[in-house]
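This report describes how selected parts of one protein chain are arranged. Please view the sequence and the structure before reading on.

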Amino acid sequence: MNKRPLILRTLIVLVVVGVFVSAIHPLFERDYYETFLGLLVKPADPEEAKKVQADAEKLVKEAEALRKADPNLFQSQALLKAADDSGVDLTKMVKGSDLEDNRDVMSVIRKHASSSIRLGLDLNGGVEFILQLVPDEDLSKELGGEQTEAEKQSAAERQTNFDRYRDIAIETLRKRLEGQKIFEAEIAPSGDSYVSLRAPVVAKDEKVKLMNLIKMSAKLNFRMVHENNAQLVSGITPENEKNFVPPFGYELMKTSEFRPGQAPLVTYYVVEKMPKMTGKDIVSAHANKDQFGQRMIMLAFNSRGAAQFAEVTRENIGRSMAIVLDGQLYCAPRINDAITGGSAQITGRFSEEECKSIADALVSGSFPFQIKIDAVFDTDPKLGAANVANGIWVGVISLLAVAVFMCIYYRLSGFIAVCALALNIVLVLGALAAFNATLTLPGIAGIVLTIGMAVDANVLVFERIREELAAGKNLRTAVDLGYSRAFSAVFDANITTLITAIILMYVGTGAVKGFAVTLSIGILSSLFTALFVTRLIFDYLFAYTKLQKLTMMQFFKNAHYNFRAMRGKVFAFSGILIVASFVLFAVLGRGMLGIDFTGGTQVSFNYVEQIPQEQIEKALAAAGYEGTVTYKYNAIDGAQEMEILVRGDQTGRIDSTASPKDLLLKLLNEKFPQAQFSGGLESSVGGLIGREFTKAAFIAIGLSIIGIGIYISLRYEFTYALSSILALAHDVIISLGIFLATGRTVSLTVVAALLTVIGYSINDTVVIFDRIRENRNLGTCKTFDENVNLSVNQTLNRTILTSLTTFIVVFVLFLGAGAAINDFVLIMMLGIVIGTYSSIYISPQLVSLWHAKESSANNNNVKAEKKTGPEKAAGESR
């Protein structure tokens, strides 16, 4: 015991906790101007300090005056304009490093004004942009804009091509937002030439940043500057530039350099209209600085782009090359030699934020459209404020129920586990804030799963301690052996789930990626608290108390159930459920998919009194409609609307001759006359899940299963991997089949819940596999069948306990969290029950079938299972 550095380990825990706890502050968004005033530098000279304060307050008043004159201005825009108009250099007034101009200061203020944890659209609402897609000249030609009548495609064919490019644009937009760590955006077609983009925002001021990112078509051109540029532009001033007539095939462009307290320095260039090459072959782009500290964007081309760039620079040595992005000239460097390295750079007046946005846009791809922002709305949370608050309270109650259960069942050990669980939740929230993740309903799925895994790790340790105490070990030795021998199972179970999370994080998109980020954070936090923190608490108890024994309850004492005897009946039962599920899938067809996949009809109404979203959705469901309700507000004209999205195949169920708008208006006014719904706009909306999104999701899930299979094959053997993969498929198919049999449909949140089922089920399975491997190495049983049966019985307490504690959480949510997350919680409840069932009856029995003829003599000679990493350490301590 004395060899363990208690002080060092305590310091590590305190530092980790301190870092993540500090990241949680502040929980709520702060006023932009107040934040600006709070960031002012404090000169040592009192008179100078007063002057800085007075100048800052004057700027705030000027900014407020600008906003009164133009209500469309956000606080940051108004403050920036007031500073620039007055020639004030804010970099001298505000605390911060690496501030080059006033726009850098705006970014710093925005960061400090934001709340620590970004909530998703479903929990906190956000902003919606209605984007009009206007094909550029090249795309218009491809769609038949300049063809003869004989050559023109049919209207249907042209629309199909447009839809294909629109889907590409949607996925490009999604990648850009993910580059800004916004994983939970909802992007869907809206009408013939529009796209609806909804994104969670930390501060309303972020709308400006999102607008600029969205409108950026990311068309990068490399054009040549006229050889006689200096002579042509001599005498041009901002006052007479409009009178300049450029040579044929050229146009006048300019750059502007900010100078504190002076007018910007404008430089003119006469640039060819036709580019020598474009940026379509760019494979990477990132922000950097030159030796003088000037920001620039470094570009790297693929082999084709590198060859073309080398040719262009070789043919134009001595001339200047203009780098034009979305019609704006950023710089025009002189070509001194051929550039053959496949790289280039863009310099200019950038803020750090702009560098990142432009680099992300260049990598994610350019649009074949000009994007016009047709309307901007603020949106209410999808779940409703009351529903969110109710869900939070129910979640707290469920966690308290788990804490009480653990304390009753494991007594002192349970109390230690609860302390670790509380710390785990704090660390997860702190990590979400530190990594700027977005917390949504799928993210909560990841937190719920990691809570279950955190409890699971403690249960594994405590059950091993119980076994060592039963074998006659003293308490200190039993705790030592409990942690060392449980480590392998805890490590493998968490790593297999982490493999899934990492692959989903890098390959998945949208809600799938948001779920994976939260899950990854939770797994690492759970490992830290369950193994490191709880062990430290035990060591303090041994060092400073006279702790001699631990008392625990036990559900199954000396369990010796014959699971092998039930194998035939269990396989037949599972087979029937799987066949029934596939029959149901075939019967339902596309009808099993929710609005997120199918899209539908979007109708918006004006209203007098706002009705809670949950009540409207219940009324729609009672009338046979699957729909979602969102309240949104136009920040410019103050208009407010209630928007309903229903499946496209449901709108004619009452009267096929009536429009969806009329049907819904009649229904809602009969049900809620006090709302006085009126007006109404109707449009067709595509699903949130496009072809690219679906492909990425399937690839992510497929790679996750392959990754799990490879890891289990390396740590155990291939038969274990194959058994676990078949069990995962079994769990997902049956869970989804039962879920659909209740009359529900598949949505994005259901997909996230199914991913949770995969993570939970593999966690259970690996723990049992670890015990099978341990007993096999020790030669405990004569046959492999006996080994499997013994191992399942030995881990039965742990399996039931962890399933029970996690089930308590989701069951309380199911009862009290409201209809809005009912589907999500139901699929998780089904997954816990079916995952536990398959971990006991399916995966171990499949392994047993493949090793049916293996005897104990063979067990000792088989070297398929390698002792590596944590297993070796655990084996040496036995």
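## Salt bridges

The count of salt bridges comes to 25. The model from which this count is taken is a predicted one. Side chains of opposite charge can pair when their charged atoms come close.

One salt bridge is formed by Asp492 and Arg715, whose closest N and O atoms are 2.9 Å apart. This pair links distant parts of the chain, since Asp492 belongs to helix α16 (residues 475-507) and Arg715 to helix α22, with their positions 223 residues apart in numbering.

## A nonpolar patch

Helix α22 spans residues 691-715 and includes Ile706. Ile706 also takes part in a nonpolar surface patch of about 460 Å², together with Ile699, Leu703, Ile710 and Leu714.

## Helices α1 and α14

Helix α1 (residues 6-24) and helix α14 (residues 412-434) have axes that come within 7 Å and cross at roughly 60 degrees. Because of this angle, α1 is classed as oblique to α14. The crossing in which α1 passes α14 is left-handed.

On the α1 side, the contact is made by Val16, Val17, Phe20, Val21, Ala23 and Ile24. On the α14 side, the residues in contact include Leu423, Val426, Leu427 and Leu429, as well as Gly430 and Ala431.

## Helices α23 and α27

The axes of helix α23 (residues 718-741) and α27 come within 9 Å, and they cross at roughly 140 degrees. The angle therefore makes α23 oblique to α27, as roughly antiparallel would require an angle over 145 degrees. This crossing is right-handed.

Among the α23 residues that meet α27 are Ala727, His730, Asp731, Ile734 and Phe739. Their counterparts in α27 include Asp823, Leu826, Ile827, Leu830 and Ser838.

## Helices α27 and α28

Helix α27 (residues 822-841) also packs with helix α28 (residues 843-850), at an angle of about 25 degrees and with the axes 3 Å apart. The two helices are therefore roughly parallel, a class that covers angles under 35 degrees.

Ser838, Ser839, Ile840 and Tyr841 of α27 make this contact with Ser843, Pro844 and Gln845 of α28. Ser838 is thus named in the contact with α28, and Ser838 is also one of the α27 residues that meet α23.

Conventions: Residues are numbered from 1 along each chain as its sequence is written. This is a predicted model: local features need pLDDT of at least 70, side-chain atom pairs count only at pLDDT 80 or more; totals for chains, interfaces and linings use all residues. Side-chain values use heavy atoms; hydrogens and water are left out. Patches are made of residues with over 30% relative accessible area and no salt bridge: like charges are joined within 9 Å, nonpolar side chains (Val, Leu, Ile, Met, Phe, Trp, Tyr) within 5 Å. Accessible areas come from the Shrake-Rupley method with a 1.4 Å probe; for residues, only the protein chains shown count as cover. A salt bridge is a side-chain nitrogen of Lys or Arg within 4 Å of a carboxyl oxygen of Asp or Glu. Helices (H or I, at least four residues) and strands (E, at least two) are DSSP runs, numbered from the N terminus. Axes are lines fitted to C-alpha atoms, for helices over the stretch in contact, and angles run from 0 to 180 degrees between N-to-C directions. Angles under 35 degrees count as roughly parallel, over 145 as roughly antiparallel, 65 to 115 as roughly perpendicular and the rest as oblique. A crossing is left-handed if the near helix is turned anticlockwise from the far one by less than a right angle, and right-handed if clockwise. Contact means heavy atoms within 4.5 Å.
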